[in-house]
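I opened this model to look up its sheet, its disulfides, its core and one loop residue. My notes follow in the order of the look-ups.

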Amino acid sequence: ANNQVFCTGVNTSNRLGTPALDSSLENNIIRKNGNGEILLARAVRTGWDHACAIEIEGDLWCWGDNRHGQVGIGQIGGFQAPTRIVMNNPISQIGLGDEHSCAVDSTGALFCWGLNSSGVLGIGSIHDMRNSPTNVVTDNGAQDFEAVWANGGTTCAKRSTGLHCWGGRDDGASAALAALSGDGAGDLHGCPQRHSRALLGSSG
């Protein structure tokens, strides 16, 4: 069906969004809170052991390994079923690194959370963590973010002034520029870490 989210792989850390931990699953349908109604999404991204999806209406849902707060539920620890993340405005775009998450909302504000290794959260400090979405503040206070991209050690965001990157690596800018300059990767989103794949269903 259109906009259903399917995940395939081994369900370590609940990264496939189902209570059946450590099971090997194929095309598991993501359900709200793990066993509720089917989550219908317009975007899905994966980290090392966690994932997030933007629901059609703009709500953000995340699940999986929360040992560094990367799911964003306001606490650290545990393996989370798909949980709605509390945000003030609808989410327009998301980017996930290995152990951190970022989201741009409909007003242009950027939020990041999870492990702040090498300052990837962009919150003015390094080597700590945030367990809920934390606003990334620019030098001039402008909230003009259009898109965000993340990998293991870098976060990059597209603003009206161009592409801005931060974190501990210098290899993210070219990949981010390619990802943020295109029209999207389509329905199939590659999962180069520990998911086999995450797929947005489409009619056909």
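**Terms and settings.** I took two strands as paired if DSSP finds at least two bridges between them. Strands (E, at least two residues) and helices (H or I, at least four) are DSSP runs, numbered from the N terminus. This is a predicted model, in which local features need pLDDT of at least 70 and side-chain atom pairs count only at pLDDT 80 or more, while totals for chains, interfaces and linings use all residues. Residues are numbered from 1 along each chain as its sequence is written, and side-chain values use heavy atoms, with hydrogens and water left out.

**Sheet.** I looked up the bridge partner of W61 and found R84 in β6. W61 sits in the stretch 60-65, which is strand β5, and five bridges join β5 to β6, the two running antiparallel. I then followed the pairing outward: four strands form an open sheet in the order β3-β4-β5-β6, with antiparallel pairing. At the edges are β3 (41-46) and β6 (79-85), each paired on one side only. From one strand to the next the twist averages 15°; the axes are lines fitted to C-alpha atoms, for helices over the stretch in contact, and angles run from 0 to 180 degrees between N-to-C directions. As background, I noted that strands of a sheet pair through backbone hydrogen bonds, either parallel or antiparallel.

**Disulfides.** How many disulfides are there? Taking a pair of cysteine sulfur atoms within 2.5 Å as a disulfide, I get three. With bonded cysteines counted along the chain, the pattern is 1-2, 3-4, 5-6.

For burial I used under 20% relative accessible area as buried, over 50% as exposed and partly exposed in between (1.4 Å probe, protein chains only).

- C52 and C62 have sulfur atoms 2.1 Å apart. The link is right-handed, with 110° about the S-S bond. C52 is in β4 and C62 in β5, so the pair ties together parts ten residues apart in sequence. C52 is buried at 1% relative accessible area, and C62 is buried at 0%.
- C102 and C112 also have sulfur atoms 2.1 Å apart. The S-S angle is 110° and the link right-handed. C102 lies in β8 (residues 100-105) and C112 in β9, ten residues apart. Both C102 and C112 are buried.
- C156 and C165 have sulfur atoms 2.0 Å apart. The torsion about their S-S bond is about 110°, so this disulfide is right-handed. C156 is buried at 0%, whereas C165 is partly exposed at 37%.

**Core.** A nonpolar core here is a set of buried Ala, Val, Leu, Ile, Met, Phe, Trp, Tyr and Cys residues joined through side-chain atoms within 4.5 Å. The largest has 15 residues, of which L60, C62, I91 and I94 touch the most other members. At least two residues each come from β4 (50-55), β5, β7 (91-96) and β9. β7 gives the most, three residues.

I listed the contacts of C62 (heavy atoms within 4.5 Å). Beyond four places in sequence, they include A51, C52, V71 and W113.

**Loop residue.** Where is S125? S125 lies in the loop between β9 (110-115) and β10 (129-135). Is S125 buried or partly exposed? S125 is partly exposed, because its relative accessible area is 24%. Apart from residues up to four places away, S125 touches N116, G119 and R130. The S125 side chain makes a polar contact with that of D128 at 3.2 Å. A polar contact is a pair of N or O atoms within 3.5 Å; within protein, one must be able to donate a hydrogen and the other to accept it, and residues adjacent in sequence count only if both atoms are side-chain atoms.
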